[in-house]
Structure formats: C-alpha cells, structure tokens
Amino acid sequence: MRPRDLALALLVVVVWGVNFAVIKTGVAEVPPLLLGALRFLLAACPGVFFLRAPKVPWQLYLAYGMTISVGQFAFLFSAIHVGMPSGLASLVLQSQAFFTMLFAALWLKESWRGSQLVGLLLAACGLALIGSAHGLSMPLLGFLLTVAAASLWAAGNIVTRAVAACGPINQLAFVVWASLVPPLPFLALSLLIEGQPAMAAALSDFSLRAFAAVAYLAWAATLLGYGLWTRLLSRYPANQVAPFSLLVPVVGLTTGWLVFDEVLRPVHLAGGALLMLGLAVNLFTTRLLGWARARP
C-alpha cells in the first residue's frame, strides 16, 4: 500500500474510532432517535444534488437504509444513551463480522472454514465475558442494544452483497442516496418513543455542540469515512484493507478513556481480547496457511 493510501486508511480508523465519543456527546444533547434522523438528513443533503443515484433497485436502497442505517444506529445510539461506555461499544460492535458469517450461511448458503468457526467461538466467549460483567459501569441493556446494533450492521452487509451484484457503482453516491431512507423512520420512532415534547425541547435548545456532533456523524463518519474506505477497496484487495478495522476499537477505547475517563474492568479487557483474537483468526489464518504452503 502506498504511503498516501496508508495514511488515508489510518485517517478512516481515527475518524471511525472517535465517532463513538461524538455519539456519546450527541446523545447527551439530543434524544438518540432524533439524533439519527438529523445525522442522515445532513448526510443526504446536499450530497444528493451533486451525486447521481446509482442504478440499483429501490428495494435495495430501502433494505440498506433500514438495516445498516436505521437498525444499526437506532440501537447503537440508544445503547450509548442508556449508559454503554463509548469505548466498549466500539469493541462490541466489531462482533458484526461474526453475525455476517451467520447470516451469510443462513441466507446465502455460504460454508464456513475451520478457522472461521474457531474465530466465531473465540468471539462468542469474549462477548459472553463482557456481557457477564454488567453493572453500573456497563448496563446490561446497553450491552444488549450494542449487540443488536452489530446484528443489524451484519444484515446490512448482506444487503451490500446484493448491491455489489448490480455491477460497479459509485459506493459513496449509493450511501448518500440511501441516506434519504432513514430520516422519516427515525422521526417516526422518535415521535413514538421519545415523544413530541422531548423532540421540541431538543430542537428549540439546539446548541453549537449538538450541531458539531451531528455534522461530524454525517460528514466525517459517514461521507468522509465511507468515501475513503470505498476508494481504498477500489484500489486494493479487500483482505488488505479490512484488517485496518481492527484498529477502530483501539481508537474508540483510547478516546473514551481520555475524554470521558472510561476505565474497563479486567473482565472487559479479557472479553475484548478474546473478541479481537477471534477477529484476527478469522482475517489472517487462511492467508498465513497459504503463505506457509507457498514456502519452499
């Protein structure tokens, strides 16, 4: 990977890692479901006026918007709102890789390699350890909502496979146009769950800090992050780019510690280590075995 592209990959890691602290700041100012509506409204506009909509069936726009956008972030924002530490959320959310494996096996009839099964078992043990340590520092509801967010991200990954089957498209343009889907469902959920008085109060007292959080989530985490990630995936093999996602929890945990003084208990660290080990086994075992067999 060229030095410039390596720097861009690390920039994405930092942007996505800091994203969790920004979410925590945002939900302190704005109800989580209303925050989701504002995020995607700002992500879609003004981008839809400058990017042509890719030729993808409208059903896929709807499925992507309802899974990876509404589903994932409704659960994630709510998890952090009820007290899930932002750094720990960045770690638990990585379990999406294993939910993707499960859904691909169920819906796409993909078979598993032995290394994937080992990685899945390690990650499951890690999640069980983290979940068992619920308490004041990590409410059980926050943990369960984060796991639900990971499962909806994984469902969105399956939708992304279907989008890829439509042929080469501008992925950034697809993300921008798919961002038109979430605002109305988010607003409906916010009205139903958070209530009109809470929505009105948040909007009437909308601060510069709240706008900065929404702008970061929309323009940095969504457009800049996905735009650079798509560019890297178009230039390099996926197995060369994907491992950088393992660094996102490192940034997330560090940011949570520095900004909010979040400190993990030993059982959280042990569970996180097992989860990350499972991800590493899943990503690297096949490549290492192939390299070993290729050696004279």
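Arg209 and Glu29 pair up in a salt bridge, with 3.9 Å between the closest N and O atoms. Arg209 belongs to helix α11 and Glu29 to helix α1, so this contact ties together parts of the chain that sit 180 residues apart in sequence. Glu29 comes out as partly exposed, at 30% relative accessibility. Everything described here refers to a predicted model.

Searching the whole structure turns up three salt bridges. Another of them joins the side chains of Glu262 and Lys24, at 2.8 Å from N to O. Here the two partners are 238 residues apart in sequence: Glu262 is in the loop between α13 and α14 (266-294), Lys24 is in helix α1 (residues 3-29), and the pair therefore ties these parts together. The two ends differ in how they are covered, since Glu262 counts as buried at 14% relative accessibility, while Lys24 is partly exposed at 25%. Helix α1 thus turns up in both of these pairs, through Lys24 and through Glu29.

The remaining bridge links Arg2 to Asp5, whose closest N and O atoms are 3.6 Å apart. Arg2 is partly exposed, with a relative accessible area of 47%, but Asp5 is buried, with a value of 0%.

Now for the empty space inside. Rolling a probe the size of a water molecule over the atoms shows where such space is left. Over the whole structure, the search returns one cavity of 30 Å³ or more, and the volume of this largest cavity is about 80 Å³. Its lining is made up of Arg39, Phe40, Tyr64, Ile68, Ser69, Gln72, Phe73, Val175, Ala178, Ser179, Thr222 and Tyr226. Four elements supply two or more residues each to that lining: α2 (32-44), α3 (58-81), α8 (171-178) and α11 (208-235). The biggest share comes from α3, which gives five residues. In terms of chemistry, the lining splits into seven nonpolar residues, four polar ones and one charged one. Helix α11 has a part in two of the features covered so far, as it contributes to the cavity lining and also carries Arg209 of the salt bridge with Glu29.

On the outside, a nonpolar surface patch is formed by Met1, Leu6, Leu10, Leu247 and Val250, which together have about 370 Å² of accessible area. One of these residues, Leu247, sits in the loop between α12 (238-241) and α13 (248-260). Leu247 is partly exposed, with a relative accessible area of 36%, so it clears the cut-off of over 30% that patch residues have to meet. The loop that holds Leu247 also contains Phe244, yet Phe244 is buried, at 13% relative accessible area. From Phe244 to Asn282 the C-alpha atoms are 14 Å apart in space, for a gap of 38 residues in sequence.

The backbone has a couple of oddities too. Most residues other than glycine have a negative phi, and most peptide bonds are trans. Against that background, the peptide bond from Cys45 to Pro46 is cis, with omega near 10 degrees. Pro46 is located in the loop between α2 and α3. Asp261 is not a glycine, but its phi is positive, at about 60 degrees. Asp261 lies in the loop between α13 and α14 and counts as exposed, at 57% relative accessibility. That loop is also where Glu262 is found, and Glu262 is buried by comparison, at 14%.

Two further buried residues round out the picture, both in helices. Phe98 is in helix α5 (residues 96-107) and counts as buried, at 3% relative accessibility. Between Phe98 and Gly119 there are 8.3 Å from C-alpha to C-alpha, with the two residues 21 apart in sequence. Ile130 is part of helix α6 (residues 114-132), and its relative accessibility of 0% makes it buried. Ile130 and Phe143 are 13 residues apart in sequence, and their C-alpha atoms are 8.3 Å apart in space.

Technical notes. Residues numbered from 1 in each chain as written. Predicted model: local features only at pLDDT ≥ 70, side-chain atom pairs only at ≥ 80, totals over all residues. Heavy atoms only, no water. 1 Å grid on protein atoms, 1.4 Å probe; cavity = no way out; pocket = protein on both sides within 12 Å on 5 of 7 lines; lining within 4 Å. Points joined across faces, edges and corners; volume = space filled by probe spheres on them. Nonpolar A, V, L, I, M, F, W, Y, C, P; charged D, E, K, R; others polar. Patch = residues over 30% accessible without salt bridge, like charges linked within 9 Å, V, L, I, M, F, W, Y side chains within 5 Å. Areas by Shrake-Rupley, 256 points an atom, 1.4 Å probe, with all protein chains shown as cover. Salt bridge = Lys/Arg side-chain N within 4 Å of Asp/Glu carboxyl O. Buried < 20%, exposed > 50% of the residue type's maximum accessible area, 1.4 Å probe, protein only.
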